[in-house]
Amino acid sequence: MRYLTAGESHGPQLTTIIEGVPAGLELLAEDIDKELARRQKGYGRGRRMQIEKDRVQILSGVRHGKTTGAPVALVVENKDWTHWKNYMGAEPVTEEQEKNMKRTISRPRPGHADLNGAIKYGHRDMRNVLERSSARETTVRVAVGAVAKKILSEFGMEVAGHVRMIGGIESDYEGGLSIKQIQEQTEASQVRCLDKGAEERMMKAIDDAKENGDSIGGIVEVIVEGTPVGLGSHVHYDRKLDSRIAGAIVSINAFKGVEFGIGFKAAEIPGSKVHDEIIWSETEGYSRRTNNLGGFEGGMTTGMPIVVKGVMKPIPTLYKPLQSVDIETKEPFAASIERSDSCAVPAASVVAESVVSWEVACAFLEKFGNDRIEEIKENYERYQEYAKRF
Ligand SMILES: Cc1cc2nc3c(=O)[nH]c(=O)nc-3n(C[C@H](O)[C@H](O)[C@H](O)COP(=O)(O)O)c2cc1C
Ligand SMILES: C=C(O[C@@H]1CC(C(=O)O)=C[C@@H](OP(=O)(O)O)[C@H]1O)C(=O)O
């Protein structure tokens, strides 16, 4: 499968076209809307989330509740567009009108895409960069992820994400909960974490950052259960599924690093305490005693849960802005203040679930075929029997 997205943060809508979705998959707008609503929640968001009510329109590739195998086109409207029509329309404006637009940006924000994008594409109004670099785009990436999740659940795979850290405050989680329990508990938490005590401290840290005109980042974790052995491949760099997932996580706005399983801790302890011993039973076939490597060896799934973490830097837009340079006057200035979130880690955990789901679903279809669900099921069941007897 593949997809593209289009759309500006304050333009009329966000659009995506997904190609290669197998025929015969049940897909309803409500499956996607449910995920869009999850992304909109989470403590620390700015006022924009009160304006938007993200709902998908399915424009093609689905008939009578089932995919046909044709490209799936999805759109999500920006409600904020009504306030931006005059600034964001496609119609030409005169130089004079352009100069007078109050929303022209000449003061780049440290940490955002403003300056690099302006120099690269030759924009004196950095709004042309901001609009597309905005994480508003993650709305349709979550819509795409919802389709991927539907594919995964047809084959017994479930995905859950939760917040492990916000502003240095850790959420204690020793493991042991089912995916369903993780889903239920994170849904009930304002910061999408599994540790009630940490939740309050995280909210306080977000309040403090906001009060100080500052922002904070954090760490999210995504778990995928039910993957078969052998998704991805060791034979070529761009077929390694762990590398594709790592790329997908870092492609989320503001994400700077990735860990699988015990991750960077592997640098501190010997191999005897890192590698996961192999066991076998008549009923289960091969399995592992532990899952330190987070479900991957050789770029392929081991059949143990995929466990991946991503780190999000603090939001770049600060109400107490850092120093920057006005690109017109070259004078030092405090950077532009745009309306902004103070912390978007909880929302980003939903985005992380989506991009991981997408990569796993792609690898799954590459292995088992991608024309129609029933055929893929037959291939999958045959493979599972084979792997157990191997
Ligand atoms: C869900 C989400 C919401 C975000 N909200 C904001 C925001 O309100 N203000 C802001 O400056 N950056 C926000 N960001 C981060 C920027 O989009 C990001 O830092 C920017 O695109 C530059 O890319 P980079 O940080 O990956 O280098 C958000 C990111 C995510 C994932
Ligand atoms: C719109 C969303 O997030 C936006 C991401 C974002 C950024 O710079 O990344 C900046 C803010 O945009 P605005 O200035 O319009 O409030 C966020 O609200 C969203 O998540 O749907």
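What follows is a short dialogue on reading the fold, the core, one strand and one ligand site in a predicted model.

Biologist: Let's begin with the whole chain. How many helices and strands does the protein chain have?

Modeller: Twelve helices and 17 strands. The radius of gyration is 22 Å, close to the 21 Å from the globule rule for 390 residues, so the chain is as compact as a globular protein of that length. If you want dimensions, the C-alpha trace spans about 75 × 50 × 40 Å along its principal axes.

Biologist: And what share of the residues counts as buried?

Modeller: 41% of the 390 residues. Sequence separation is handy too: among contacts with a separation of 6 or more, 70% link residues 24 or more positions apart.

Biologist: On to the core. What's the general idea?

Modeller: In soluble globular proteins, nonpolar side chains tend to be buried together. Here, the largest nonpolar core holds 78 residues. Ala-143, Ile-166, Ala-348, Ala-352, Val-356 and Val-360 have the most contacts inside it.

Biologist: Which helix gives the most to this core?

Modeller: Helix H11, residues 345-368, with 15 residues. Take Val-356 as an example: leaving out residues up to four places away in sequence, it touches Val-159, Val-222, Val-224, Ile-245, Ala-248 and Val-308. There's also a second, separate core of five residues, including Ile-105, Ala-118, Met-126 and Val-129.

Biologist: Now strands. How should I picture the side chains?

Modeller: In a regular strand they alternate between the two faces of the sheet. A good case to look at is S15, residues 306-312.

Biologist: Why is S15 described as largely enclosed by the rest of the structure?

Modeller: Because six of its seven residues are buried.

Biologist: Which strands does S15 pair with?

Modeller: S9, residues 218-225, runs antiparallel to S15 and is joined to it by seven bridges. S10, residues 255-260, also pairs with S15 in the antiparallel sense, over five bridges. To find the register by eye, start from Glu-221, whose bridge partner in S15 is Lys-309. For S10, use Phe-260, which has Val-308 as its bridge partner in S15. That Val-308 is also one of the residues touched by Val-356.

Biologist: Last stop, ligand 2. How many residues surround it?

Modeller: 13, and the closest are Arg-48, Ser-134, Ala-135, Arg-136 and Arg-339.

Biologist: How does that shell divide into nonpolar, polar and charged residues?

Modeller: One is nonpolar, six are polar and six are charged.

Methods: Residues are numbered from 1 along each chain as its sequence is written. Chains are lettered from A and ligands numbered from 1 in the order in which they are written. This is a predicted model: local features need pLDDT of at least 70, side-chain atom pairs count only at pLDDT 80 or more; totals for chains, interfaces and linings use all residues. A residue is near a molecule or strand if its C-beta atom, placed from the backbone, lies within 6 Å of it. Ala, Val, Leu, Ile, Met, Phe, Trp, Tyr, Cys and Pro count as nonpolar, Asp, Glu, Lys and Arg as charged, and the others, Gly among them, as polar. A residue is buried if 20 or more other C-beta atoms lie within 10 Å of its own, exposed if 12 or fewer, and partly exposed in between; C-beta atoms are placed from the backbone. Helices (H or I, at least four residues) and strands (E, at least two) are DSSP runs, numbered from the N terminus. Two strands pair if DSSP finds at least two bridges between them. The radius of gyration is taken over C-alpha atoms; the globule rule is 2.2 Å times the number of residues to the power 0.38. Two residues are in contact if their C-beta atoms, placed from the backbone, lie within 7 Å. A nonpolar core is a set of buried Ala, Val, Leu, Ile, Met, Phe, Trp, Tyr and Cys residues joined through C-beta atoms within 7 Å.
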